[in-house]
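Colleague: Can you walk me through this model? I have the sequence and the structure open next to each other.

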Amino acid sequence: MPRTVAVVGGGISGLAACYHLARGPGAPKVVLLEGSARLGGWLQSTRTEDGAVFEHGPRGVRPAGAAGRDTLRMVMLGGAWFTQSFGDPAAAVPAVLLGRARGAVRAQLGLEAAPSRAIVKVHQACIPQYTLGHWQRTESISRYVTERRLPLSLVGASYGGVSVNDCIASAKVAASRILGPSC
Ligand SMILES: Cc1cc2nc3c(=O)[nH]c(=O)nc-3n(C[C@H](O)[C@H](O)[C@H](O)COP(=O)(O)OP(=O)(O)OC[C@H]3O[C@@H](n4cnc5c(N)ncnc54)[C@H](O)[C@@H]3O)c2cc1C
């Protein structure tokens, strides 16, 4: 009887875990539990009627060459000092944020042209901010899980790196640990 593995969260980490768990012979039954109405987590994009794609999270693939280079400028403002600069994120005025972003593009990239389209999104608590002692904490959690042989893997941006690559890599490592050395 095949084992069942539950994956909690359908962001890139959970989806990558499902992919690696479900491949190959002897794959366990994989159940994905996602709390929201869509998959992808912070990977999210808006496609306009004329085909323009706006990424709201990590930057995606875009057309190559000079035309592609100028297709999209993604300006990320904020981080820990967002409130200090713009006030309450929930009440942030998109036009103010866009004005600041355009100013940064003008000052830092020398681009004067106005964008033909722009989308402003305010994300809160979107990228985990690791504090001092993060690695010691995650190591201690791993030790606890290993010593007690808990059937649990912690994968994703909150633990071993926030980049998409980190998320996919940690999901792959966790899946191969579950599947065992032969897989
Ligand atoms: C604006 C922005 C720009 C970025 N730019 C880049 C970039 O250019 N390059 C790069 O490499 N990375 C970038 N990142 C980082 C990267 O996108 C994220 O770290 C990564 O997508 C996180 O994936 P995740 O699956 O670990 O977590 P999440 O995307 O947060 O997914 C977690 C999922 O779990 C679900 N969930 C949570 N709790 C529960 C529960 N209790 N039960 C069921 N489901 C639950 C959530 O609904 C969500 O779908 C960016 C992130 C942001 C926000």
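Modeller: Along the sequence the pattern runs β-α-β-β-β-α-α-α-α-α. Helices here are DSSP runs of H or I with at least four residues, strands are runs of E with at least two, and both are numbered from the N terminus. This is a predicted model, in which local features need pLDDT of at least 70 and side-chain atom pairs count only at pLDDT 80 or more, while totals for chains, interfaces and linings use all residues. Residues are numbered from 1 along each chain as its sequence is written.

Colleague: How many helices and strands does the chain have?

Modeller: The chain has six helices and four strands.

Colleague: What about the overall dimensions?

Modeller: The radius of gyration of the chain is 20 Å, where a compact globule of 183 residues would have one near 16 Å. That radius is taken over C-alpha atoms, and the globule rule is 2.2 Å times the number of residues to the power 0.38. Along the principal axes, the C-alpha atoms fill a box of roughly 60 × 40 × 30 Å.

Colleague: What share of the residues counts as buried?

Modeller: Of the 183 residues, 13% count as buried. Buried means that 20 or more other C-beta atoms lie within 10 Å of the residue's own; exposed means 12 or fewer, partly exposed is in between, and the C-beta atoms are placed from the backbone.

Colleague: How is the chain divided into domains?

Modeller: Domain 1 covers 4–39 + 128–179, and domain 2 covers 53–58 + 71–126. The bounds come from an automatic or database domain assignment. Between the C-alpha centres of domain 1 and domain 2 the distance is 31 Å.

Colleague: Where does the ligand lie relative to the domains?

Modeller: The ligand lies between domain 1 and domain 2, because both give residues to the shell around it.

Colleague: Which residues of that shell are the closest?

Modeller: The shell has 27 residues, and the closest to the ligand are G9, G11, G41, P58 and G156. A residue is near a molecule or strand if its C-beta atom, placed from the backbone, lies within 6 Å of it. The elements that give two or more residues to the shell are α1 (12–22) and α6 (164–179).

Colleague: And the chemistry of the shell?

Modeller: The shell divides into 12 nonpolar, 13 polar and two charged residues. Ala, Val, Leu, Ile, Met, Phe, Trp, Tyr, Cys and Pro count as nonpolar, Asp, Glu, Lys and Arg as charged, and the others, Gly among them, as polar.

Colleague: Switching to the strands. How do β1 and β2 pair?

Modeller: Strand β1 (residues 4–8) pairs with β2 in the parallel sense over five bridges. Two strands pair if DSSP finds at least two bridges between them. The crossover from β1 through α1 to β2 is a right-handed β-α-β crossover. Right-handed means that, with the strands pointing away from the viewer, the path from the first strand over the helix to the second runs clockwise.

Colleague: Which residues stand opposite each other there?

Modeller: V7 is opposite L32 in β2, and A6 is opposite V31 in β2.

Colleague: Which way do the β1 side chains point?

Modeller: The side chains of β1 alternate: V5 and V7 point to one face and are buried, whereas T4, A6 and V8 point to the other and are not.

Colleague: Is β2 largely in the open or buried?

Modeller: Strand β2 (residues 29–33) lies largely in the open, because the number buried among its five residues is zero.

Colleague: Which backbone angles should I look at?

Modeller: A125 has a positive phi of about 50° although it is not a glycine. A125 lies in the loop between α4 and α5 and counts as exposed, with 7 C-beta neighbours inside 10 Å. R149, also a residue other than glycine, has a positive phi near 50°. R149 sits in the loop between α5 and α6 and is exposed, with 7 other C-beta atoms within 10 Å.

Colleague: Where is L132?

Modeller: L132 is in the loop between α4 (94–109) and α5 (134–147). The C-alpha atoms of L132 and P58 are 25 Å apart, with their positions 74 residues apart along the chain.

Colleague: One last distance: how far is A107 from A27?

Modeller: Their C-alpha atoms are separated by 53 Å, and A107 and A27 are 80 residues apart along the chain. A107 lies in helix α4.
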